[in-house]
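Student: I've just opened this one and I'd like to know what the labels rest on. Could we go through it together?

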Number of protein chains: 2
Amino acid sequence: MRRSITKFLFVVLALTGVAYAVDPLPSWNDTASKKAIVAFVEKVTTEGSPDFVPVPERIATFDNDGTLWCEQPLPVQLYFVLDRVKALAPQHSEWKTQEPFASLLRGDLKTALAGGERAALELVMATHTGMTTVEFEQIVKDWIATARHPKTSKLFTDMTYEPMLELLAYLRANGFKTYIVSGGGIEFMRPWAERVYGVPPEQVVGSSVKTKFEMRDGKPVLVRLPEVNFVDDNDGKPVGINQHIGRRPIMAFGNSTGDLPMLQYTQGGSGARLRFWCCTMMQLANTPMALPRDCQASNLVLSRRRFTTRRSRMAGPWSA
Amino acid sequence: MRRSITKFLFVVLALTGVAYAVDPLPSWNDTASKKAIVAFVEKVTTEGSPDFVPVPERIATFDNDGTLWCEQPLPVQLYFVLDRVKALAPQHSEWKTQEPFASLLRGDLKTALAGGERAALELVMATHTGMTTVEFEQIVKDWIATARHPKTSKLFTDMTYEPMLELLAYLRANGFKTYIVSGGGIEFMRPWAERVYGVPPEQVVGSSVKTKFEMRDGKPVLVRLPEVNFVDDNDGKPVGINQHIGRRPIMAFGNSTGDLPMLQYTQGGSGARLRFWCCTMMQLANTPMALPRDCQASNLVLSRRRFTTRRSRMAGPWSA
């Protein structure tokens, strides 16, 4: 009897949309970090509060690699590059002797990447350009549907941090627009960011190559060119935020020095602001990450992380 | 008695949100153009219809100059340039003899712009760069608050086309996200686009200069550099759409050949699409505009336009 009354009340509450006290961040430890986030969200969403922020200005930006999903032992997009080089190798017999491709095809990643930025760029251009944007989207979709993490054997899209998925959903439920602002490729993230994070394509900011509009077989297409358009990292992050959003975030989340300018830019606005440094204590079970140098200088530390286990948490409105 | 019942019913309908038949585009003539728009919106928003489009994919893009507001006798941003050159002249005594500034300061616009693209670029860089993004935003806000059209003496922000304001509101009420995709400056439009069109900063796509993140007096700022970042016109429009939105529009509206690639790109997607060429029959009372060359080839013609008279029409949710 009692149980059916509870159930009835639950249904009524759900139908009427009345808010009731449920922990919106259940997988977070009860630390100062969690308290700071909840207190911030409450003060900026309380009408009449001196810190009240209207809905359109509730912008929160998130780094991706190492903040929303894993970046150890290598950033995920690098596995995509490796798999694409292998897939394309039969059409490029010259790669057998040409660096950085030769080392990479022999499985010697260290030598392949010894050429630094130039080598990395060459690999990216060889694997990310020449096709149309629609073709590239399909390549990414096909890859991400089956690609797995080398240590956990989980799909990469399951190597997301559950506390951060909860945080994204919590902010959206409070009228925030959540953006990804990543050094990764914008077109590498868009094909799956809505499904995995609830972040639609227009709220993904990332690095990009130039594209060119042309008619191909009578069809209007955008062709991806082997030329860097924008690097959305370090000082590029505030630039990318301004270009895409045109508003200064009131919350920002990052985990590395490449996120510092974004956190500084966020803090530099007027009114209530919260910048958040996500220190991954346990990045992967066997791969403890060195904490960023000035992590202590940042104000808050995530005390615990775990990977996604209950994907149903992400159910709900995908964009806000 | 009858009147109070009608009033009562109206209030009830308004409160319960029940839809009732009111013309959403009252200032449009009852032409094939209007019918095509309404029929398109109805078919893409009717669940179960073979042409149904989910809300997140209802993207509509609008050119600005000549489509949403006037562009005769000159594009509005050019008046901003003229006024800025005059305002800055006291700090630039060299402009008295240096072209294109000298001619412009003498009021001889024709000679000033005889230098073509190079002269125009020089004027833009001298007036649009060197300051921070926040400073530039304030300059634009101050200017647009008082700047008036030379022929009508109306504020430029009242030189918008009422039928198009109705259309923006109608689409948003039907779940569309409305974007501006203009050859004009992105940071020139953002400071007033939300107030005037209901289009928030993150839904404005335009041309831009490069910016640089730096700390100035301990404050994080973005400085506008005298270097072109992106030209959002002609073939640049589909590129800008992909960069900012990452989805192909299902409706696009333009009025000149610079909008053709955007219209082609829109039409090239799968599913229901509508591209719309807004031919301004009466751009200004005394300034009939030559119709774009292939206007006949496009499918629809706006039969009548008039400038904004009832701004209350724009009341309602500003973004969707």
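Tutor: Sure, let's start with a pair of strands: strand 3 (residues 204-216) and strand 4 (residues 219-230) of chain A run antiparallel, joined by 8 bridges. This is a predicted model, where local features need pLDDT of at least 70, side-chain atom pairs count only at pLDDT 80 or more, and totals for chains, interfaces and linings use all residues. Residues are numbered from 1 along each chain as its sequence is written, and chains are lettered from A and ligands numbered from 1 in the order in which they are written.

Student: What makes strand 3 and strand 4 of chain A a pair?

Tutor: Strands (E, at least two residues) and helices (H or I, at least four) are DSSP runs, numbered from the N terminus. Two strands pair if DSSP finds at least two bridges between them; here there are 8, so they pair. Across the pairing, K212(A) stands opposite V223(A). The two strands form a hairpin with 2 residues between them, and D217(A) in the turn has a positive phi of about 50°.

Student: Why is V199(A) called buried?

Tutor: A residue is buried if 20 or more other C-beta atoms, placed from the backbone, lie within 10 Å of its own, exposed if 12 or fewer, and partly exposed in between. V199(A) has 26 such neighbours, so it counts as buried. V199(A) sits in the loop between helix 9 (186-197) and strand 3 of chain A.

Student: Which residues does V199(A) touch, apart from its neighbours within four places in sequence?

Tutor: Two residues are in contact if their C-beta atoms, placed from the backbone, lie within 7 Å. On that basis V199(A) contacts T178(A), Y179(A), I180(A), A193(A), E194(A) and V204(A). As for M215(A), 16 residues separate it from V199(A) in sequence, and the C-alpha atoms are 31 Å apart in space.

Student: How is chain A divided into domains?

Tutor: Into domain 1 (23-72 + 156-314) and domain 2 (76-144); the bounds come from an automatic or database domain assignment. In chain A, 17 residues of domain 1 are in contact with 16 residues of domain 2. Strand 4 of chain A gives the most to the domain 1 side, with 6 residues.

Student: How do you know that the two copies are related as by a two-fold rotation axis?

Tutor: Copies are superposed by least squares on the C-alpha atoms of residues with pLDDT of at least 70 in both. A rotation of 180° with 0.0 Å of shift along its axis puts chain B on chain A, with RMSD 0.0 Å. The copies are thus related as by a two-fold axis. H244(B) comes closest to that axis of the residues of chain B, at 3.1 Å (C-alpha). The same surface serves both copies, with 100% of the contact residues of chain B recurring in chain A.

Student: How many residues make up the contact between the chains?

Tutor: There are 27 from chain B and 28 from chain A. Helix 10 of chain B supplies the largest share of the chain B side, 5 residues.

Student: What about the confidence of chain A?

Tutor: pLDDT is the predictor's confidence in each residue, from 0 to 100. Chain A has a mean of 82, with 80% of its residues at 70 or more. Residues 280-320 of chain A are below 50. The model scores ipTM 0.84 and pTM 0.85.
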